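Trainee: Please walk me through this one while I have it open on my screen.

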Amino acid sequence: MLGRVPIHDVRSLTEVVAFVESSDSEQVIICDVDNTLAPQGASLPEFGRLVNAAIDRLDENQHVARVIALTNGPQRDVERMVSRGNKPWTSRRRLGLAGNVAPIVVVGDQLLTDGVLAWRLRATFLHLVIDDETEEPRQATMRRLGRIVGGMLFSRKE
Ligand SMILES: [Mg+2]
């Protein structure tokens with residue numbers, strides 16, 4: 001069995017940027033979309049605006065080698081997004097990372113999809129902690145289940 005990978009909690013894209021900037025080397029960022037870059041219930045235009053703005057913000061950062069916005073959902077008119085991504089089983093090839101040697105950071109709200117993908121790719125996982133109150137029941141259940149496997153896959157440093 002593969003060893004654990006690092007996990008850090010983040011609460012915003014700003015904290016993601018701060019994390020990436022704290023490293024010396026350029027990193028590949030794989031970013032979940034739903035409930036990470038845009039809220040689940042966003043209208044189509046709002047969704048596109050938020051996702052594109054977030055990709056732009058990360059892309060222009062000198063510490064970022066590449067940004068991959070990855071969703072298991074449909075395309076929804078955002079061309080720069082990898083849709084129906086089959087997380088957590090997405091292949092390096094599908095992500096265009098077959099020959100990649102740069103460190104990878106995966107950002108997302110769900111341990112069972114985003115987190116397990118990070119673990120498979122031997123990446124650092126930035127776990128976006130979101131407000132339980134406004135969460136959909138299905139998402140909340142998945143997140144609770146995620147905590148159970150979390151301890152086996154991730155190591156948390158203070
Ligand atoms: Mg998500």
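**Loops, sheet, core and helices**

Trainee: Leaving out residues up to four places away in sequence, which residues does Gly 85 touch?
Mentor: Gly 85 touches Leu 70, Thr 71, Asn 72 and Thr 90. Contact means C-beta atoms, placed from the backbone, within 7 Å. Keep in mind that this is a predicted model: local features need pLDDT of at least 70 and side-chain atom pairs pLDDT 80 or more, while totals for chains, interfaces and linings use all residues. Numbering starts from 1 along each chain as its sequence is written.

Trainee: Where is Gly 85 placed?
Mentor: In the loop between strand 4 (81-82) and strand 5 (104-108). Helices (H or I, at least four residues) and strands (E, at least two) are DSSP runs, numbered from the N terminus.

Trainee: Buried or exposed?
Mentor: Gly 85 is buried, because 22 other C-beta atoms lie within 10 Å. The cut-offs are 20 or more for buried, 12 or fewer for exposed, and partly exposed in between, counting other C-beta atoms within 10 Å, placed from the backbone.

Trainee: And what about Arg 84?
Mentor: Arg 84 counts as exposed, since it has 12 C-beta neighbours inside 10 Å. Arg 84 sits in the loop between strand 4 and strand 5, and its phi is positive, near 45°, although it is a residue other than glycine.

Trainee: Where else does a residue that is not a glycine have a positive phi?
Mentor: Look at Arg 76, with a phi of about 50°. Arg 76 lies in the loop between strand 3 and strand 4, and it is partly exposed because 16 other C-beta atoms fall within 10 Å. As background, most residues other than glycine have a negative phi, and most peptide bonds are trans.

Trainee: Speaking of trans, which residues does a cis peptide bond join?
Mentor: Lys 87 and Pro 88, with omega about 5°. Pro 88 is in the loop between strand 4 and strand 5.

Trainee: New topic, the sheet. What is the strand order?
Mentor: The order is 4-3-2-5-6-1-7, in an open sheet of seven strands with parallel pairing. Strands count as paired if DSSP finds at least two bridges between them. Strand 4 and strand 7 (154-156) are the edge strands, each pairing on one side only.

Trainee: How many bridges join strand 5 to strand 6?
Mentor: Four, and the two strands run parallel. One bridge to look up is that of Val 106, whose partner in strand 6 is Phe 125. Helix 3 packs on the sheet, touching strand 1 (5-10), strand 2, strand 5, strand 6 and strand 7. The direction of helix 3 makes about 175° with that of strand 5; axes are lines fitted to C-alpha atoms, for helices over the stretch in contact, and angles between N-to-C directions run from 0 to 180 degrees.

Trainee: How many residues of strand 2 are buried?
Mentor: Six of its six. One side has Gln 27, Ile 29 and Cys 31, the other has Val 28, Ile 30 and Asp 32, and both faces are covered. Strand 2 also pairs with strand 3 in the parallel sense over six bridges, and Gln 27 stands opposite Val 64 in strand 3.

Trainee: Which members of the largest nonpolar core touch the most other members?
Mentor: Ile 29, Cys 31, Val 51, Ala 69 and Val 106, out of 37 residues. A nonpolar core joins buried Ala, Val, Leu, Ile, Met, Phe, Trp, Tyr and Cys residues through C-beta atoms within 7 Å. Leaving out residues up to four places away in sequence, Val 51 touches Val 33, Leu 37, Ala 38, Ala 69, Val 78 and Met 81.

Trainee: Last one: at what angle do helix 3 and helix 4 pack?
Mentor: About 25°, with their axes 9 Å apart; helix 4 covers residues 137-153. So helix 3 is roughly parallel to helix 4; angles under 35 degrees count as roughly parallel, over 145 as roughly antiparallel, 65 to 115 as roughly perpendicular and the rest as oblique.

Trainee: Which residues meet there?
Mentor: Leu 111, Leu 112, Gly 115, Val 116 and Trp 119 in helix 3 meet Met 142, Leu 145, Gly 146, Arg 147, Val 149, Gly 150 and Leu 153 in helix 4.

Conventions:
Two residues are in contact if their C-beta atoms, placed from the backbone, lie within 7 Å.
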